[in-house]
Amino acid sequence: LPAAVLMLSAAFAVQSLQGPAIEAAAQGFRLVAVAVVAYAVIALARQHCVSFGRGVAAASLCAVIIAANQPLTGPAAILALMTWGALRGRRDAVAPPIRAEPGRLVPSLALVAAAATPLLLLPLAQAAFPSSALAETAREFYAAGALIFGGGQVVMPLLQAQTADVMPGSTFMAGYGAMLALPGPRFAFAAYLGALSTSDGVSLALGLVALACLFAPGLMLMAAADLGWRGVQGHPRIAAAAAMAGPAVVGVLAAAWWNPIASASLRTPTDLAIAAAGLALMLLLKGPRLTLILAVAATGALAATL
């Protein structure tokens with residue numbers, strides 16, 4: 001809730017405030033995004049690319065996504081790599097299967113069905129009301145929340161593609177950089193994007209719809225997983241598929257760092273130096289700190305002003 005309120009406030013501020021000082025501040029937050037997401041790529045790679053093969057898989061996915069430059073390439077690549085892992089997984093390499101508890105699987109499957117149903121109904125609603133910004137926003141953000149595996153950074157390429165027609169890339173990256181300096185989950189960024197997704201100005205209703213639709217499928221699937229995962233996690237094929245999800249997410253996030261983050265934010269050699277210095281300090285401190293994030297944003301804003 002705090003993050004959502006702050007991001008809605010940021011949307012109103014972006015719409016109502018203009019001028020060199022605001023643009024300089026926005027550029028500072030874009031450089032924050034460059035440094036923080038680069039740190040996230042490195043941290044995830046250290047955790048999930050623990051072998052040469054997984055590293056190659058992540059790098060290959062990154063190259064394919066950048067070359068394809070299509071919003072759904074990322075989710076498709078993740079599912080493809082997990083499927084490949086399941087098909088080649090050795091049965092003697094994981095724990096023996098754990099028996100599923102039927103009483104837990106039934107409500108789990110019901111929640112999965114509840115999460116999948118809007119994927120079918122929302123496109124029909126948009127077709128029935130083609131001029132409705134509410135129906136379009138609900139469909140786009142629910143699909144993003146349902147088709148993306150991973151954290152807030154991973155969903156960003158799909159959201160950027162969905163809002164490209166109504167929002168300049170600089171406005172998108174300024175909001176994302178601001179999100180990195182605020183408390184709460186990255187998905188609260190949906191409130192900012194939804195509120196600015198109309199050409200009529202800022203819409204509080206669209207911001208709230210985008211926020212709810214991006215969070216809803218993940219929350220339902222997490223509840224389903226809590227009920228059903230214990231019953232299937234020991235299955236060799238499922239365990240092998242889950243093991244390949246990590247390298248896949250690394251590849252998707254690395255591609256997202258390149259486009260749209262770095263390509264939209266690194267305008268001058270000075271920008272590159274500021275972002276690189278911020279990344280180096282994050283690696284030294286073992287994580288992005290609020291004071292460091294604000295320092296990078298302030299330095300980037302000062303450089304943009306000068």
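**Exercise 1. Work out how H3 and H4 pack together.**

Start with the numbers: H3 and H4 pack at an angle of about 150 degrees, their axes 10 Å apart. Axes here are lines fitted to C-alpha atoms, for helices over the stretch in contact, and angles run from 0 to 180 degrees between N-to-C directions. Keep in mind that this is a predicted model, where local features need pLDDT of at least 70, side-chain atom pairs count only at pLDDT 80 or more, and totals for chains, interfaces and linings use all residues. Residues are numbered from 1 along each chain as its sequence is written, and side-chain values use heavy atoms, with hydrogens and water left out.

Next, name the arrangement. Angles under 35 degrees count as roughly parallel, over 145 as roughly antiparallel, 65 to 115 as roughly perpendicular and the rest as oblique. So H3 and H4 are roughly antiparallel to each other.

Now find who touches whom (contact means heavy atoms within 4.5 Å). H3 brings Ala57, Leu61, Val64, Ile65 and Ala68, while H4 brings Thr73, Gly74, Ala77, Ile78 and Leu81.

**Exercise 2. Look along H4 and find its buried side.**

First, the helix itself: H4 covers residues 73-88, 16 residues in total, and reaches 22 Å from its first C-alpha to its last, close to the 22 Å expected at 1.5 Å a residue. The expected span is 1.5 Å times one less than the number of residues.

Then check burial (buried means under 20% relative accessible area, exposed over 50%, partly exposed in between, with a 1.4 Å probe and protein chains only). Thr73, Gly74, Pro75, Ala77, Ile78, Leu81, Met82, Gly85 and Ala86 of H4 are buried.

Finally, what do the buried residues of H4 pack against? Their partners are helix H3 (52-68), helix H6 (133-147) and helix H11 (236-265).

**Exercise 3. Describe how H2 and H8 meet, then place Arg30.**

Helix H2 (residues 20-48) and helix H8 (residues 169-180) pack at about 65 degrees, with axes 7 Å apart. That's why H2 and H8 are roughly perpendicular to each other.

On the H2 side, the contact is made by Ala26, Phe29, Arg30, Val32, Ala33, Val36 and Val37; H8 supplies Ser170, Met173, Ala174, Tyr176, Gly177, Ala178 and Leu180.

Now zoom in on Arg30, which sits in helix H2. Is Arg30 buried or exposed? Arg30 is buried, with a relative accessible area of 1%. Leaving aside residues up to four places away in sequence, Arg30 touches Glu23, Ser170, Met173, Ala174, Ala264, Ser265 and Arg267.

Terms used:
Helices (H or I, at least four residues) and strands (E, at least two) are DSSP runs, numbered from the N terminus.
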